[in-house]
Amino acid sequence: MALPEGFNWFLILIVVVVSILVVLSNIYILVHYQHPEDAMQAWFPKVVIVTGLSIAVFLVLMYPLDVANKAACAQDVAVSSCTYTLPMYEMWLAMFIANLVIVWAILPFTVFFYEADSEFSMFQKIKSGIMWTLAMMAFIALVVGILYALIGYVVWDVQLLKSGTVPLSELDIFTSGYNGPCIPFPKPSQPPYPPPGPT
């Protein structure tokens with residue numbers, strides 16, 4: 001059974017191997033830099049840290065992955081006819097949403113949860129973490145909303161530039177019967193090529 005044009009199993013293998021290496025390297029970084037007293041406790045923030053670092057690395061590695069995915073099809077195959085190996089639009093969307101959730105919800109909740117009063121019960125810590133996270137999100141949304149309402153639209157004065165290019169068929173060099181190179185390069189032992197056109 002022949003694979004559709006543009007399908008690349010090797011690209012899938014690379015994605016799986018690189019993803020595993022990224023997660024393992026982030027676990028190593030966490031273990032290397034953690035405090036010795038936190039070795040076998042506080043698993044939730046450790047999972048959050050490894051997930052956050054992995055998402056940051058994945059977002060950087062998505063660019064070459066997108067290029068490799070697009071390059072899987074031959075140049076003469078139309079983009080609409082090519083069956084790409086990976087659904088990059090959905091993957092970009094998933095990465096951006098995951099980044100948004102972890103930066104604006106999970107990381108602040110984790111900080112507020114572990115900074116809560118040590119005498120709080122687990123329920124009180126969760127409640128305090130959620131309340132402070134919602135307050136922080138409301139504050140940031142208010143600041144961004146006010147700034148967008150006040151200075152979110154700007155009109156820049158620009159100067160229109162027109163290109164001086166013309167089709168190659170309109171150039172004298174192609175209609176005068178000149179058979180030399182487009183850009184004449186003189187050889188050291190010969191004089192420069194004669195200019196195109198009648199002499």
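Which residues lie nearest the centre of the largest pocket? The points below take up that question first and then turn to the helices and to individual residues.

1. The lining of the largest pocket. In this predicted model, the largest pocket is lined by 13 residues, and Val 15, Val 18, Ser 19, Leu 61 and Leu 65 are those nearest its centre. Three elements each give two or more residues to that lining, namely α1 (9–33), α2 (43–70) and α3 (88–114). The largest share comes from α2, with 6 residues.

2. Volume and character of the pocket. The space in the largest pocket amounts to about 280 Å³. Its lining divides by class into 12 nonpolar residues and 1 polar residue, with no charged residues.

3. Overall composition. The protein chain has 5 helices and 0 strands. Read from the N terminus, its elements follow the order α-α-α-α-α. Of the 199 residues in the protein chain, 17% are buried.

4. The pairing of α1 with α2. How do the axes of α1 and α2 cross? They come within 9 Å of each other, at an angle of roughly 150°. Because an angle over 145 degrees counts as roughly antiparallel, α1 is described as roughly antiparallel to α2. The crossing of α1 and α2 is right-handed.

5. The pairing of α2 with α3. The axes of these two helices, α2 and α3, come within 10 Å and cross at roughly 160°, so α2 is roughly antiparallel to α3. The handedness of the crossing of α2 and α3 is left-handed. Where α2 meets α3, the contact is made up of 20 nonpolar, 5 polar and 1 charged residues.

6. The pairing of α3 with α4. Helix α4 covers residues 122–151, and its axis lies 8 Å from that of α3, with a packing angle of about 130°. Why is α3 called oblique to α4? The angle falls outside the ranges for roughly parallel, roughly perpendicular and roughly antiparallel, and the rest count as oblique; α3 is therefore oblique to α4. The crossing of α3 and α4 is right-handed.

7. Ala 42, in the loop between α1 and α2. This loop contains Ala 42, whose phi is near 55°, a positive value in a residue other than glycine. Most residues other than glycine have a negative phi. Is Ala 42 buried, partly exposed or exposed? Its relative accessibility is 30%, so Ala 42 counts as partly exposed. A reader inspecting the backbone may wish to look at Ala 42 in the loop between α1 and α2.

8. Cys 82, in the loop between α2 and α3. The loop between α2 and α3 holds Cys 82. Because its relative accessibility is 9%, Cys 82 counts as buried, the cut-off for that class being under 20%. The C-alpha atoms of Cys 82 and Lys 70 are 9.0 Å apart in space, while the two residues are 12 apart in sequence.

9. Ala 98, in helix α3. Helix α3 includes Ala 98. With a relative accessible area of 25%, Ala 98 is partly exposed, since that class lies between the 20% and 50% limits. How far apart are Ala 98 and Ile 55 in sequence and in space? They are 43 residues apart in sequence, and 7.5 Å separates them in space, C-alpha to C-alpha.

10. Summary of the helix pairs. The α1 and α2 pair is roughly antiparallel, as is the α2 and α3 pair, whereas α3 is oblique to α4. The crossings are right-handed for α1 and α2, left-handed for α2 and α3, and right-handed for α3 and α4.

Terms used:
Residues are numbered from 1 along each chain as its sequence is written. This is a predicted model: local features need pLDDT of at least 70, side-chain atom pairs count only at pLDDT 80 or more; totals for chains, interfaces and linings use all residues. Side-chain values use heavy atoms; hydrogens and water are left out. On a 1 Å grid over the protein atoms alone, a cavity is a set of points where a 1.4 Å probe fits but cannot get out, and a pocket is an open set with protein on both sides within 12 Å along at least five of seven lines; lining residues have an atom within 4 Å of a point. Grid points are joined across faces, edges and corners, and a volume is the space filled by probe spheres set on the points. Helices (H or I, at least four residues) and strands (E, at least two) are DSSP runs, numbered from the N terminus. Ala, Val, Leu, Ile, Met, Phe, Trp, Tyr, Cys and Pro count as nonpolar, Asp, Glu, Lys and Arg as charged, and the others, Gly among them, as polar. Axes are lines fitted to C-alpha atoms, for helices over the stretch in contact, and angles run from 0 to 180 degrees between N-to-C directions. Angles under 35 degrees count as roughly parallel, over 145 as roughly antiparallel, 65 to 115 as roughly perpendicular and the rest as oblique. A crossing is left-handed if the near helix is turned anticlockwise from the far one by less than a right angle, and right-handed if clockwise. Buried means under 20% relative accessible area, exposed over 50%, partly exposed in between (1.4 Å probe, protein chains only).
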